[in-house]
Amino acid sequence: MKPKTIIEPFKIKSVEPIRFTTREEREVLLKEAGYNPFLLPADDVLIDLLTDSGTSAMSAKQWAGIMEGDESYAGSKSFYRFEAVIKSITNLKYIIPTHQGRAAEKILFSIVGGPGKYFPNNTHFDTTRANVEFSGAEAVDLLNEIGKHPEIRADFKGNMDVEKLETFIKEKGVENIPLCMITVTNNSGGGQPVSMQNIKDVKAVCNKYGIPLFLDACRFAENAYFIKMREKGYENKTPLEIAQEMFSYADGVTMSAKKDALVNIGGFLAMNDDELAMKCRNLLIVTEGFPTYGGLAGRDLEAVAQGLLEIVDEHYLQYRIRSVEYLGERLVAAGVPIIEPPGGHAIYIDAKRFLPNIPADQYPGQSIVCELYLEGGVRAVEIGSVMFGKKDKNGKLIPSMMELVRMAIPRRVYTQSHIDYLIEVIIEVYKNRDRLKGYQFTYEAPMLRHFTARFKPII
Ligand code: P70
């Protein structure tokens, strides 16, 4: 038989209880947290969808790797395994471990960034943008038009606008663009995939002008599976083969292993350029550690290596992509506006359509995030003007392109009944949407303000 039900391709060996609270308790807790779920103790959260980053359940083999980790300061056995596995997927020459993705970004942009430089990307994620800007350079998003329309269904809404890229290069000058980046999948734009054709086309433009192409590869395996499902010519290839082809167009990679390497901490930077690699390693020694551990323990390197072997398993990817799609389908059927089609790691509620009466400067996404917690103990995150809003010279908000609420699904952590409960909570919040209020800031930090901001409801 060809089964219709896609099951979790694992059984559960170790469990962690989750704690139930009442709505009254959550009202107090949320107020204490300044209406910012980042500031809630995790123990007060029932279903935690704040992020899919560092929240994966590790496999028995990964835990075994933790025991096998070689903690030698230099030349650890675990480093060589880490390096070999990453090379087998990316075929890049230099593999530099870092403690997480943003550390790889910090090192890279400290070296290639600086005032007067520009970095095109399909869409920078917040830490990437922050690291580019911190160096004094400018981060520019060149997403394809279709990716900016949450309600339009298309296969590869993460694609970069290749024409815009070429115009941009001509306008700013090749000498001011040290590298071009593609984020797979496009996290800020809904976890939407990038097609192989688009990666090839971007690479062709980069080649024409001699600009290196880097991939922000946090969710490369999910992207590879979408290519298998949706792009002609890839249906019979394995996710690993597709990933290898994706990386074959890249001159370098930054990666947060906390996503598609199924670990709780880790990352790396990889590249082919000898001189750049030498500079990165030198800076790594100052900020992260010796080049064979880069801020990680030997055991972490083992867990990453094993996780990268598991992530490209076709049964896993089928279950992963289908479980996010299932959540999306049920919400669409109930009329809840989300980014369509569902992305790989998360469902994004379109807060503009969910709460059309709350303007951007009253943060409709934050309002939904608060209500999800109050209604069902669910923690989600705003990806809109709280996270990406800028200010004009009079301090007035320049809103983000989209107002979204992201519910990121940790890998191998929740079962279908958790997801069914979540669906009930979201639908209930949607039914009561007329009662939701806007929010205003009472505290904000100068950079990456969403992590520590405090709010109050506008009454
Ligand atoms: C997320 C986390 C991290 C990330 C990413 C891309 C495409 C680089 C990084 C940095 C961050 C986050 C956001 C909201 C709540 C909690 C955490 N994304 N590039 O969940 O990697 O975190 O290892 O430094 O998505 O999407 P790292």
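Start by selecting Thr185, in the loop between strand 5 (180–183) and helix 7 (196–209). Keep in mind as you click around that this is a predicted model. Now show Val184 as well and look at the bond between the two: the peptide joining Val184 and Thr185 is cis, with omega at about -15°. That deserves a pause, since most peptide bonds are trans.

**A second cis bond**

Next, jump to Pro341, which you'll find in the loop between helix 12 (314–333) and strand 9 (346–350). Turn on Glu340 too: the peptide bond from Glu340 to Pro341 is also cis, and here omega is near -10°.

**Into the ligand site**

Now select the ligand and expand the selection to its surroundings. You should pick up 21 residues, and the closest are Thr51, Arg102, Ser256, Lys259 and Arg406. Color that shell by residue type and it splits into four nonpolar, nine polar and eight charged.

Zoom in on individual atom pairs. Pick an oxygen atom of the ligand and the side chain of Arg406: an N or O atom there is 2.7 Å away. On Gln100, a polar side-chain atom lies 2.9 Å from a ligand oxygen. For a ligand nitrogen, go to Lys259, where a side-chain N or O atom sits at 3.0 Å. Then switch on a surface: the ligand taken alone exposes 560 Å², and the protein buries 97% of that.

Which elements give two or more residues to this shell? Highlight helix 4 (101–112) and helix 5 (126–134). Helix 4 gives the most, with three residues. If you color by domain instead, you'll see that domain 1 (23–52 + 313–457) and domain 2 (60–311) each supply at least three residues to the shell.

**Ser256 and its partner**

Stay here and select Ser256, which belongs to strand 7 (residues 252–256). Is Ser256 buried or exposed? Its relative accessible area is 4%, so Ser256 counts as buried. Ser256 and Lys259 are also linked to each other: their side chains make a polar contact of 3.1 Å. Both are among the residues closest to the ligand.

**Two covered helices**

Select residues 298–311 for helix 11. From first C-alpha to last, its 14 residues reach 20 Å, close to the 20 Å expected at 1.5 Å a residue. Helix 11 is mostly covered, with 12 of the 14 residues buried; charged side chains are on that list too, including Asp300, Glu302 and Glu310.

Then go to Tyr363, in the loop between helix 13 (351–354) and helix 14. Check the backbone of Tyr363: phi is near 50°, a positive value in a residue other than glycine. Tyr363 counts as buried, because its relative accessibility is 6%.

From there, extend your selection to 364–376, which is helix 14. This helix has 13 residues and spans 18 Å from first to last C-alpha, close to the 18 Å expected at 1.5 Å a residue. Why is helix 14 described as largely enclosed by the rest of the structure? Because 12 of its 13 residues are buried; Cys370, Glu371 and Tyr373 are among them. Following helix 14 is Gly377, with a positive phi near 70°.

**Arg379 and its contacts**

Keep going to Arg379, in strand 10 (residues 378–379). With 5% relative accessibility, Arg379 counts as buried. What does its side chain reach? Draw two distances: one to Asp48, where the two side chains share a polar contact of 2.8 Å, and one to the backbone oxygen of Pro37, which lies 2.7 Å from a polar atom of the Arg379 side chain.

**Last stops**

Select Arg412, found in the loop between strand 14 (404–408) and helix 16 (416–431). Arg412 has a positive phi of about 65° although it is not a glycine. Most residues other than glycine have a negative phi. The relative accessible area of Arg412 is 14%, so this residue is buried.

For contrast, finish on Glu138, in strand 4 (residues 138–141). Its relative accessible area is 43%, so Glu138 is partly exposed. Measure across to Ile398: the two C-alpha atoms are separated by 17 Å, while these positions lie 260 residues apart along the chain numbering.

Conventions
Residues numbered from 1 in each chain as written. Predicted model: local features only at pLDDT ≥ 70, side-chain atom pairs only at ≥ 80, totals over all residues. Heavy atoms only, no water. Near = heavy atom within 4 Å. Polar contact = N/O pair within 3.5 Å; in protein donor to acceptor, adjacent residues only side chain to side chain. Areas by Shrake-Rupley, 256 points an atom, 1.4 Å probe, with all protein chains shown as cover. Helix = DSSP H or I, 4+ residues; strand = E, 2+ residues; numbered from the N terminus. Nonpolar A, V, L, I, M, F, W, Y, C, P; charged D, E, K, R; others polar. Domains from an automatic or database assignment. Expected span 1.5 Å × (residues − 1). Buried < 20%, exposed > 50% of the residue type's maximum accessible area, 1.4 Å probe, protein only.
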